[in-house]
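Could you look through this model with me? I've jotted down a few points to get you started.

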Amino acid sequence: MIRRRKVIIGAVGVAAAATAAGCSSSGKASGAGGTTWVEPVANIEPPIVPVAFSVTPATGDKDVSPLTPIVVTAANGTLQTVTVTSGKTKIEGEIQSDGTWKSTGELAYGKKYKVTATAADSAGTTSSEDATFSTLKPAAVAKVTFQANGMLALKDGSTYGAGQPVIVAFSKAVNKKAAEKAIEITTSPKVEGKFYWKDDQTVHWRPAKYWAAGSTIKVSVNAFGVKLGKTTYGAKNSSTSFKIGRQLIAISDNRTHMTKVYIDGKLVRTMKSSLGKGGGTTGANGQKISYWTAGGPHVVLGKKRKHTMSSASYGVTDKDDPNYYVSENIEFCTRISYSGEYLHAAPWNGSLGRANLSHGCINLSTADAKWVYNNFRVGDIVDVKNTPRELPIWNGLGDWTVSFDKYGRDA
């Protein structure tokens, strides 16, 4: 009896304890008098994790490339606003698909930028972050211009002849490899091309053959933010485009004294001519002067309705020299070299088509010179044949005097 009573009292005590603890029974026995227990469920809110901002470039960064995009992220939260300013200038940007903000506007050299970002945490509470950085300030910047030749700027969208090379001129000496990498040339139809550096500031680009009629050429120089020299960066990005009209090639023969003009492969005009008389003299500074018309493909550089020509332009200044001359108001002048070779009217020359009597120009009748003046355009080809002197690559646009396999830095 005593042992049984203890058992009963123990059972009651356990039940009482269960009731006191707030537990409940399923009402079913588990095994031999067992009980099923259910733990209480507590309604506990997860902790609020603060927003963690990340701004690139980081605050305090200096000499940042203006090409570096600004990126803002907000871990544990959602970005709401991002503003980037430098004085009164605001840099645009947008939220990306992954929730980060990225700048789309262009930065500038030597500026301080302030980034202010706001974001909301999981509870909707807003917080903000500020960051500042500064971009590099180059010691020098190189500007870009596009040239038709050394005397004439290239006109965007204009039409040129089949010999017109691409010419990019930098305002300062540049690293050639870095500059070439920044230059993008797109042509239609697509052609292979090569660079030739006239000097440390001027680069030409030409295809293997003369441009086909109707070709289009687009040139982009993506120089902004690019290191083009030890302390020189590109000033800004620049672009231009031009097209090729009909393909005009004139062949002027020193032996036959004739100049023939072909348009798109068809002979359209034959002109009696008189080229350089040959021989030479010594200029005022001791330079050697040749009176042969230079041989090889020339490119038309420009035109003048009337032009005064003088031997002083190439170094003969002594009025007692038999080669000294001043000829005013020569008509219908089409220039083909920097040294002063022209196709022009020479009504005084009675040997057109029979003998070479000029000081290096291609003399024509007034009617033929006028036709050339009216029909030739900058970039057209005038190829001089059968003369003992070659046109140097630097004298005008002598780019086509060099074979394509040799065209390049050492041309």
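The notes below cover the ground rules, some strand pairings and one loop residue.

1. This is a predicted model, in which local features need pLDDT of at least 70 and side-chain atom pairs count only at pLDDT 80 or more, while totals for chains, interfaces and linings use all residues. Residues are numbered from 1 along each chain as its sequence is written, and side-chain values use heavy atoms, with hydrogens and water left out.

2. Start with the open sheet: four strands in the order β12-β19-β17-β14, with mixed pairing. (Strands are DSSP runs of E, at least two residues, numbered from the N terminus; two of them pair if DSSP finds at least two bridges between them.) β12 (159-160) and β14 (183-188) each have a single partner strand, so they stand at the edges with one side lacking a neighbour in the sheet.

3. β14 runs antiparallel to β17 (residues 216-221), over six bridges. Here Ile183 has Val221 of β17 as its bridge partner.

4. Now look at β7 (residues 112-120). It pairs antiparallel with β3 (residues 78-86) over seven bridges, and Leu79 is bridged to Ala119 in β7. With β8 (residues 126-134), β7 makes nine antiparallel bridges, and Lys112 sits opposite Ser134 in β8. The β7 and β8 hairpin has five residues between its strands, and Gly124 there takes a positive phi near 90°.

5. Finally, find Asp200, in the loop between β15 (193-197) and β16 (202-207). What does Asp200 touch, leaving aside its neighbours within four places in sequence? Its contacts (heavy atoms within 4.5 Å) are Lys172, Ala173, Val174 and Lys176. Asp200 and Ala173 are 27 residues apart in sequence, yet 4.9 Å apart C-alpha to C-alpha.
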